[in-house]
Amino acid sequence: MKTLKDLVRNNIWALKPYSCARDEFKGEASVYLDANENPFGAPYNRYPDPRQWALKEKIAKIKGVPASQIMLGNGSDEPIDLIIRIFCEPGVDNMVAIEPTYGMYGVSADINNVEYHRVNLDSNFDIDIDAIFKAVDDNTKVIWLCSPNNPTGNALSRDRIRRIIDGFEGIVVVDEAYIDFSSQPSWLEELPAMPNLIVLQTFSKAWGLASVRCGMAFASTDIIELFNKVKYPYNINLLTQNFVSERINLVDEKNRRVTAILDERPRVMREIGKLPIVEKVYPSDANFVLVKVRDANATYQRLVERGIIVRNRHSVTLCGNCLRITIGTKEENDRLIEELIINN
Ligand code: PMP
């Protein structure tokens with residue numbers, strides 16, 4: 001790996017971050033007159049903990065990663081944007097990503113005016129290692145991997161991910177938004193040995209808290225300190241911090257719901273696979289499944305007319321005539337299957 005100083009933009013390396021009142025005084029006091037807050041209306045009159053330590057301590061326990069190696073964001077979309085702003089000089093540096101994958105990496109690259117090279121997955125939707133390394137040049141700062149991958153649904157092979165982390169001198173992001181639905185282990189356990197690795201996870205999927213907006217980045221303490229320099233000081237509001245803190249106690253409930261989704265997944269795949277309009281049901285390690293049909297636009301439109309919304313991925317690279325279907329409740333899945341049978 002190159003040194004962090006070599007990888008980080010010069011202005012970010014030199015940045016003196018904003019110091020907020022809650023950074024300067026830590027601890028308990030009886031009178032707070034330091035932050036121009038309104039004295040009435042506790043607890044929401046006060047600014048929240050900018051580093052969210054109480055919530056991070058709880059996350060640290062269930063993830064087995066020290067709190068100092070965790071950054072929380074407004075969804076994982078926030079760390080995605082921050083990674084680009086920390087490491088990539090607009091108009092100079094570039095990034096490499098698998099294709100197809102989650103669309104926000106490319107959109108955030110465009111917003112930041114950072115070149116984004118897409119490298120097609122192979123015919124098994126796995127990483128084409130040689131093509132990835134061929135796309136890397138001296139100005140490549142970040143490689144984006146997503147496993148299980150959206151929209152293909154499969155976990156990328158562990159061996160190929162490892163070869164990229166070991167062989168690339170810059171930052172490798174492994175986005176694990178769907179890891180709780182996967183048979184593959186998380187890369188979190190490898191973090192101590194991999195200083196160039198950033199793992200992203202989220203409360204939006206397995207935890208069922210998409211509306212609450214809380215994503216996680218796990219990395220070396222040095223990288224987490226860079227996130228802390230650049231993020232908005234109070235990026236996670238107190239309502240979210242408190243709510244996630246409570247929900248995180250209910251791991252068993254989360255696991256039951258994940259199990260319910262995982263129990264439904266093979267049934268949905270089997271039933272959909274029987275239909276003559278369906279050409280292929282791709283393997284899934286996520287809470288959704290990619291399905292190739294005869295005419296994705298027509299099937300999509302018919303489902304919309306019946307009040308069922310799936311994601312039409314027809315225009316996405318390697319996903320011609322594919323629909324991405326989220327696994328719902330048993331009743332929702334039954335409705336979908338019935339409509340597909342009727343409209344076959
Ligand atoms: N990563 C992947 C792979 C996703 O599919 C999504 C959302 N669909 C996200 C990240 C963003 O999730 P959030 O911002 O809700 O944490």
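Which residue has an N or O atom in its side chain 3.0 Å from a nitrogen atom of the ligand? That residue is K205, in what is a predicted model.

## Ligand surroundings

The shell around the ligand is made up of 13 residues, and the closest of them are S76, D175, Y178, T202 and S204. Sorted by class, this shell holds 4 nonpolar, 5 polar and 4 charged residues.

Several side chains place polar atoms at short range to the ligand's own heteroatoms: a polar side-chain atom of D175 lies 2.6 Å from a ligand nitrogen, while R213 brings a polar side-chain atom to 2.7 Å from an oxygen atom of the ligand. Taken alone, the ligand would expose 400 Å², of which the protein buries 91%.

## Cysteines

How many disulfides does the model contain? The count comes to 0, and two cysteines, C214 and C319, illustrate the distances involved. For C214, the closest cysteine sulfur belongs to C20 and is 18 Å away, so the pair is too far apart for a bond. The sulfur of C319 has its closest cysteine counterpart in C322, at 5.0 Å, which is also too far for a bond because a disulfide requires sulfur atoms within 2.5 Å.

Both of these cysteines are nonetheless buried, C214 with 1% relative accessibility and C319 with 0%.

## Nonpolar cores

Nonpolar side chains in soluble globular proteins tend to be buried together. In this model the largest nonpolar core comprises 45 residues, and those with the most contacts inside it are I59, I127, L145, F203 and F218.

Once neighbours within four places in sequence are set aside, I127 is in contact with I98, L121, D122, I132, L145, L156, R160, I161 and I164, a list that includes the charged residues D122 and R160. Separate from the largest core is a second one of 32 residues, with A97, V173, A217 and V230 among them.

Technical notes
Residues are numbered from 1 along each chain as its sequence is written. This is a predicted model: local features need pLDDT of at least 70, side-chain atom pairs count only at pLDDT 80 or more; totals for chains, interfaces and linings use all residues. Side-chain values use heavy atoms; hydrogens and water are left out. A residue is near a molecule or strand if one of its heavy atoms lies within 4 Å of it. A polar contact is a pair of N or O atoms within 3.5 Å; within protein, one must be able to donate a hydrogen and the other to accept it, and residues adjacent in sequence count only if both atoms are side-chain atoms. Accessible areas come from the Shrake-Rupley method with a 1.4 Å probe; for residues, only the protein chains shown count as cover. Buried means under 20% relative accessible area, exposed over 50%, partly exposed in between (1.4 Å probe, protein chains only). A nonpolar core is a set of buried Ala, Val, Leu, Ile, Met, Phe, Trp, Tyr and Cys residues joined through side-chain atoms within 4.5 Å. Contact means heavy atoms within 4.5 Å.
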